Amino acid sequence: RRPPRSTHCISSAASDVYKRQDFTHTIGDAVKIISEIRNQKKKVYVYSNNSKWSIEEVTMRYQKNGIDLIPGQDVITSAYITAMYIQSLPDVKSVYLIGSADFKNMLEKAGLRVVHWEEDIDNSTMTLKAYSECKTDGVDAVVVGGDNDYNFYRMCFGCLCVQNGAKFFVSENDPFFIYHDWKLPSSAFASYPIELTTGTKAQVLGKPSPFALELIMKRDGIGEEKRKRILMVGDSLKADIRFGVDCGIDTLLTLTGVTKEKDLMASEVKPKYVIDKLVL
């Protein structure tokens, strides 16, 4: 079926445009397609579920391919969405973060105090007893995102905070990401053990949570009557397409990334449109 005449398009960042998470190899005519959409005076948002990357870094890598985007306006990440959501909570002022330095900076820009233990404590000399004695009463929320430095003790401290009443958020609960055609552990690797241990389910704030679209529509003055003119484009059924379905907008699945045709056939989540290549 021919996609509708949408006025706004949300792309899932690396997976729709780039073959790899390092943004080095573009897919088909993806760059030309984005440029053509923008030439038609239609709005394109890039929404990355990777909380390890800063908005500025994602923007820069698109700019290298001739796509001029504005950080924080055209480009958003799950770290940004998480920071904006938590900032709106009157009873959360400090957080314990299991996440990257860029994620930490995003939370601090939102006015939150980050208790970032790997900078304050030498994990190589810590014992479980010492971690259990760390004070958790100053932690209002535990936040989990993508991180290359997961370790057992950090997850233990997250468990202690949640058991002592801290709210529990995860920027995205993707089980894996693709790197050089390999599947590697993503944020669920850290959030799921805390859920399993404490019995507390983390609230997902990145995709597929609808919060990002509500924020964009409110911020950019997009009226409710235009919701049906918004198209979500992505390669993940569980994140991108579920996000679009839950938001009540049209969805277009690209079979150029994590989802293959056999996955689509077996999935309960169905996109409205499907394409197997990105060509003009």
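In helix 9, which spans residues 188-198, the buried residues are Ala188, Ala190, Ser191, Ile194, Glu195 and Thr198. Around the axis they cover an arc of only 165 degrees, which puts them on the same side of helix 9. Leu196 and Thr197, on the other side of the helix, are exposed. What do the buried residues of helix 9 pack against? Their partners are strand 4 (94-98), strand 6 (141-144), helix 8 (152-163) and strand 7. Just after helix 9 comes Gly199, with a positive phi of about 75 degrees.

It helps to know how far the coordinates can be trusted, since this is a predicted model. Mean pLDDT for the protein chain is 85, and 86% of its residues reach 70 or more. Strand 7 (residues 167-170), one of the elements packed against helix 9, has the highest confidence in the protein chain, at 98. Confidence is lowest in helix 1 (residues 14-17), where the mean is 51. Where pLDDT is low, the predicted coordinates should not be read in detail.

Stepping back to the whole protein chain, 12 helices and 13 strands are present. Of its 280 residues, 52% count as buried. The protein chain exposes about 13700 Å², and carbon and sulfur atoms supply 52% of that area. Among contacts between residues at least 6 apart in sequence, 65% join residues at least 24 apart.

Six of the strands build an open sheet with parallel pairing, in the order 3-2-1-11-12-13. Why is one side of strand 3 and of strand 13 left without a neighbour in the sheet? Strand 3 (75-77) and strand 13 (273-275) stand at the edges and have a single partner strand each, so one side of each has no neighbour there. On average, neighbouring strands of this sheet are turned by 20 degrees against each other, direction ignored. Within the sheet, strand 11 (residues 230-234) and strand 12 (residues 250-254) run parallel and are joined by four bridges. To follow one of these pairings by eye, start at Met232, whose bridge partner in strand 12 is Thr251. As general background, strands of a sheet pair through backbone hydrogen bonds, either parallel or antiparallel.

A helix also meets this sheet. Helix 3 (residues 55-63) lies across strand 2 (43-48) and strand 3, and runs at about 135 degrees to strand 3.

Helix 5 (residues 101-109) offers another view of how burial is arranged around a helix. Its buried residues are Phe103, Lys104, Met106 and Leu107. Seen down the axis of helix 5, these residues fall within an arc of 160 degrees, so they line one face of the helix. Gly111, just after helix 5, takes a positive phi of about 90 degrees. A glycine with positive phi is thus found just after helix 5 and just after helix 9.

A single residue rounds off the picture. Asp263 is found in helix 12 (residues 261-266). Is Asp263 buried, exposed or partly exposed? With a relative accessible area of 29%, Asp263 is partly exposed, because this value falls between the limits of 20% for buried and 50% for exposed. Leaving aside residues up to four places away in sequence, Asp263 touches Leu237 and Val258. Asp263 and Leu237 are 26 residues apart in sequence, and their C-alpha atoms are 8.6 Å apart in space.

Technical notes
Residues are numbered from 1 along each chain as its sequence is written. This is a predicted model: local features need pLDDT of at least 70, side-chain atom pairs count only at pLDDT 80 or more; totals for chains, interfaces and linings use all residues. Side-chain values use heavy atoms; hydrogens and water are left out. Buried means under 20% relative accessible area, exposed over 50%, partly exposed in between (1.4 Å probe, protein chains only). Helices (H or I, at least four residues) and strands (E, at least two) are DSSP runs, numbered from the N terminus. The arc is that of the directions from the helix axis to the C-beta atoms. Two strands pair if DSSP finds at least two bridges between them. Axes are lines fitted to C-alpha atoms, for helices over the stretch in contact, and angles run from 0 to 180 degrees between N-to-C directions. Contact means heavy atoms within 4.5 Å. pLDDT is the predictor's confidence in each residue, from 0 to 100. Accessible areas come from the Shrake-Rupley method with a 1.4 Å probe; for residues, only the protein chains shown count as cover.
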